[in-house]
Amino acid sequence: MQWFSEVWRRLLFLFRRRQFDRDLEEEMRFHMEMKAREAGPVAAQRKFGNAALLQEDSREAWGWTGLEAWADDLKYALRALRKNPGFTSVAVLTMALGIGAGTAVFSVVNGVLLRPLPFPQPDRLTMVWETREQRGEDRTMVSYQNFRDWKEQSRSFERMAAFVGAGVRMNVGDEPVMIPGASVSRDFFPALGVQPMLGRTFVPEEERKSAAPVTVLSYSFWQKLGGDRSLVGKKVQFDREVFTVLGIMPRGFAFPAGSEFWLSLPPDESHNRGDCSFRVVARLQDGVTAARAQSEMQTIATRLRQAYPKENNGAGANVVPLMEQIVGEARSALSVFMGAVACVLLIACVNVANLLVVRAAARRREFALRLTLGAGRWRVARYLLTESVLLALAGAAVGVAAARGLVRVFVALDPIHLPRIQEVAVDGRVLLYTMAAAMVTGILFGLAPALRISRPGLVNWLKQGPGASGSGEPGRNRGRSVLAAVQIALAVMLLIGAGLLMRSFVLRVSVPLGFRPEGVLGIELPWSIRQRVDELLERLRALPGVQAAGAATAFPQDSAGSYCGGCLEIEGQPKREGKQYDTGYMVATPEFFRAAGMSLREGRFFTAADGRDAPQVVVINEALARRDFPEQDPIGRHIRWGGEQWSTVIGVAGNVKGFGIAGDPMPAV
């Protein structure tokens, strides 16, 4: 009960503060009068001391006066800032720039890197890839047969599922649109730990080839179709096939990214073990680490290499945490952004600290008078810190408002194609970060004026006139000089970083790509369209403004759609193996080179005469010509890969650089 009595006493003091003050003044006046009768007024005043300071000490003894004193400081700081709107506006806008930029970037970092994946126990989710030692690749697609053996032999995973991208055409309203989706094995949803919002997911019976076509829809796609709950169990038409809707997934679920529907992937024994076109997601057993699973998968991969030496030559396995798989490439870019924003925030802090030091110097007589009347150094410093924190909070409020708009624009534009971009928002965690950043920065840039003004030697300023500059004070400009030097150093560091980024950008855009991207429209189509590609190209060429239309298994900047690792043979030369002989290849229609704006170095490109019934011909790039035909004419030579029939080289195309502009182009056919 003692603590209750103490709390009650202090609460009583807060509510009856005026009565306590009157009682304190009367008591001190009584003691002063008694001493004056004994020793005279002057001696009594000298012996009694500073009445204001004694009253302050008495209030401190009563307890809970710190909150009231802070409220007084806050009121006075608001009045002082309101009287100087020019300084207040500059300081608030400066802090808004630093804190607003930090809030916007932290919103992106929070949404992409810090927020956990929207799955139960996401730390147990992994992607499992094949590796190819001879090509130095550690994350390649998986063959269905290898996936099946992984699933049967591994003990580190609770569930393992394969999936492959799928696209269908569907009429939404009056327009036919392409809908992205995926074909998944039946363990796909259980592995991710996600339950449908309506209906159910796939069961083993629906994996049979003879089973009726079924599908599961995303929440967003369901809304586009009207959002009717009765759609579950009904049929929808994709392309020319009718599917039964089994279920609707919860809002926000779209894995792999952008998927609007999921189809059942039937096990197909006819899959070639060398046909690597699947991705694998797996959930670790409880208590099993990714490192342990990696060791087991390497053991399994070794067994499969021994069992299938031709298809699995150099093949291994790589277990990658799902979070790392999704955001790994974005981590370094966001770290650079955070570093740049931290520099901006520090520059803003130093700038405002300089303003506060100058403003505090102009008010030095005011603070000297406070100290002379009995205010403690901590009381003066606390007031200055309150003023600086108030400025920081006001700047944070303006910065958050600006950051919300910046984040919306950034998410809408997605200029650097970040993963999980739709999860970026100014949420509670971001606001908490902003509040903490405002408090820390307010204290940080308020320390310099607080320490400068509250030192004991400040009382000497009272001896100078109101217009005195205080030039005789030793080291009076040392603090401001240090702050200015720090500000200039941070600004120079930021400018150097911006200059390096600009230089990289200029170098990137000035590298010859080997094709003319201006006026070229690239459209990615599903593989099922290949049987009608000639009809499609004829219709495209008939459109006004279209000069050429071609199709290929890869865009020009991809250089090659597939690889044949060390398997290219040249007639009259021994077969060579090894990574240094890797070759890319793609299949293209005759007008592809002209439509893409690629250059011809020697020979000719394809023509309509090079059809299915004509002898097989190929075009190679300059990189392959230099590697395999040094100081020779490649035109008319014969090459083949994988034991197929010999093909005649009819032309040499210029090298094409795309996303990998820093490296050398891959030799390609």
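Ile488, Val492, Ile496 and Leu500 come together on the surface of this predicted model as a nonpolar patch, and their combined accessible area is about 380 Å². Ile488 belongs to helix α15, which spans residues 478-510, and with a relative accessibility of 55% Ile488 counts as exposed, because the cut-off for that class is over 50%.

A patch of another kind, built from charge, is formed on the surface by Lys75, Arg79, Arg82 and Lys83, whose charge is positive. Arg79 sits in helix α5, made of residues 65-83, and its relative accessible area of 41% makes Arg79 partly exposed. Members of such a patch have no salt bridge, so Lys75, Arg79, Arg82 and Lys83 stand in the patch without a partner of that sort.

These two patches belong to a protein chain with 18 helices and 19 strands. Of the 669 residues in the chain, 40% are buried, while the chain as a whole exposes about 36,600 Å², of which 58% is supplied by carbon and sulfur atoms. The contacts can be read in terms of sequence separation: among those between residues at least 6 apart in sequence, 76% join residues at least 24 apart.

Salt bridges come next. Side chains of opposite charge can pair when their charged atoms come close. The structure holds 16 salt bridges, and one of them joins Glu260 to Lys224, with the closest N and O atoms 3.0 Å apart. Because Glu260 lies in the loop between β9 and β10 whereas Lys224 lies in helix α9 (residues 219-224), this pair ties together parts that are 36 residues apart in sequence. Glu260 counts as buried, at 11% relative accessibility.

In the salt bridge between Arg331 and Glu324, the closest N and O atoms are 3.6 Å apart. Here Arg331 counts as partly exposed at 33% relative accessibility, and Glu324 is likewise partly exposed, with a relative accessible area of 33%. The salt bridge between Arg627 and Asp628 brings the closest N and O atoms to 2.9 Å; Arg627 is partly exposed, with a relative accessible area of 22%, but Asp628 is buried, with a value of 2%. Beyond such pairs, Glu538, Arg541, Glu591 and Arg594 are joined into one network by salt bridges that share partners.

The backbone also deserves attention. The loop that runs between β9 (241-248) and β10 (261-264) contains Pro256, and the peptide bond leading from Phe255 to Pro256 is cis, with omega near -5°. This loop between β9 and β10 is also where Glu260 lies, so the cis peptide bond and one end of the salt bridge to Lys224 are found in one loop.

Two residues other than glycine have positive phi values. For Gln121, phi is near 45°; Gln121 is placed in the loop between α6 (85-114) and β1 (125-132), where a relative accessible area of 44% makes it partly exposed. For Glu631, phi is near 55°, and the residue is found in the loop between α18 (622-628) and β18 (638-641). Glu631 counts as exposed, with 87% relative accessibility.

Conventions: Residues numbered from 1 in each chain as written. Predicted model: local features only at pLDDT ≥ 70, side-chain atom pairs only at ≥ 80, totals over all residues. Heavy atoms only, no water. Patch = residues over 30% accessible without salt bridge, like charges linked within 9 Å, V, L, I, M, F, W, Y side chains within 5 Å. Areas by Shrake-Rupley, 256 points an atom, 1.4 Å probe, with all protein chains shown as cover. Salt bridge = Lys/Arg side-chain N within 4 Å of Asp/Glu carboxyl O. Lys, Arg positive; Asp, Glu negative; His and termini not counted. Charge placed at Lys NZ, Arg CZ, Asp CG, Glu CD. Helix = DSSP H or I, 4+ residues; strand = E, 2+ residues; numbered from the N terminus. Buried < 20%, exposed > 50% of the residue type's maximum accessible area, 1.4 Å probe, protein only. Contact = heavy atoms within 4.5 Å.
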